[in-house]
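I wanted to look up a few local features of this model and write down what each lookup returned. The entries follow the order in which I went through them.

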Amino acid sequence: MPTVNEELPIATGHARTRDEDNLKLEQVKGSVLIVEDDPAHRELLVELVSQWGYEALPVGSAEEAEFAVRNKRMDAAIVDVFLPGRSGTNLMARLREKFPQSVLIGVSAMSDASMARKCKGLGADLFIGKPLNPEKLAQALQSQHKSWH
């Protein structure tokens, strides 16, 4: 039986020490649906949420979003309010129905108080104007869903 400090061979021929086996991997905190029609912005959001330990589910439209979560659990969603085709506001209402405990975050470059109220009225937990503040987004993802109804 190998001792704690003895090297253990693995199938690739690489030898590693017991310490390497004990590396702590960040556990995935949950899945985050990212609905953003701008590919560059969508990629940035994927990078951010992945760095924070979430599994990103990126899509470019409301239709793709509904398909992506049809048979999947979703812990949070970041939804662009203005999407081609069906609107992000319509999608948020449908996501709230299907995932009542998930955190829903509406985002838009058209950020004013009436847009924030509209998003919250449709079930969003928070509205964040673009360009997104990463710190504010991280805090929003860590919050719990609070019903506005």
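I began at Gly-53, which follows helix H2 and has a positive phi, near 95°. For background, most residues other than glycine have a negative phi. Before going on I noted that this is a predicted model, in which local features need pLDDT of at least 70 and side-chain atom pairs count only at pLDDT 80 or more, while totals for chains, interfaces and linings use all residues. I also noted that residues are numbered from 1 along each chain as its sequence is written, and that side-chain values use heavy atoms, with hydrogens and water left out.

**Helix H2.** I took helices (H or I, at least four residues) and strands (E, at least two) as DSSP runs numbered from the N terminus. I then checked the length of H2, residues 39–51: its 13 residues should span 18 Å at 1.5 Å a residue (the expected span being 1.5 Å times one less than the number of residues), and its end C-alpha atoms are 18 Å apart, which agrees. At the start of H2, a side-chain oxygen of Asp-38 reaches to within 2.9 Å of the backbone nitrogen of Ala-40; I read this against the definition of a polar contact, a pair of N or O atoms within 3.5 Å, where within protein one must be able to donate a hydrogen and the other to accept it, and where residues adjacent in sequence count only if both atoms are side-chain atoms.

**Faces of H2.** Which residues of H2 are buried? I found His-41, Arg-42, Leu-45, Leu-48 and Val-49, with buried meaning under 20% relative accessible area, exposed over 50%, and partly exposed in between (1.4 Å probe, protein chains only). Seen down the axis of H2, these buried residues fall within an arc of 125°, so they line one face of the helix; the arc is that of the directions from the helix axis to the C-beta atoms. The face turned away from the buried side carries the exposed residues Pro-39, Ala-40, Glu-43 and Gln-51. The cover over the buried residues of H2 includes strands S3 (31–35), S4 (55–59) and S5, as well as H6.

**Asp-80.** I turned next to Asp-80, which lies in strand S5 and is buried, with a relative accessible area of 5%. UniProt, in an unreviewed entry, places the feature "modified residue: 4-aspartylphosphate" at Asp-80; such annotations may be inferred rather than shown by experiment, feature names are shortened, and positions are given in the numbering used here. Among the residues that Asp-80 touches (heavy atoms within 4.5 Å), not counting those up to four places away in sequence, are Val-35, Asp-37, Gly-88 and Ser-108.

**Salt bridges.** Searching the whole structure, I found seven salt bridges, each a side-chain nitrogen of Lys or Arg within 4 Å of a carboxyl oxygen of Asp or Glu. Asp-80 and Lys-130 meet in one of them, at 3.1 Å from N to O. Asp-80 is in S5 and Lys-130 in the loop between strand S7 (126–129) and helix H6 (134–142), so the pair ties together parts that are 50 residues apart in sequence. Glu-36 is linked with Asp-80 and Lys-130 in a network of salt bridges. In the S7–H6 loop, where Pro-131 is found, a cis peptide bond joins Lys-130 and Pro-131, with omega about 0°.
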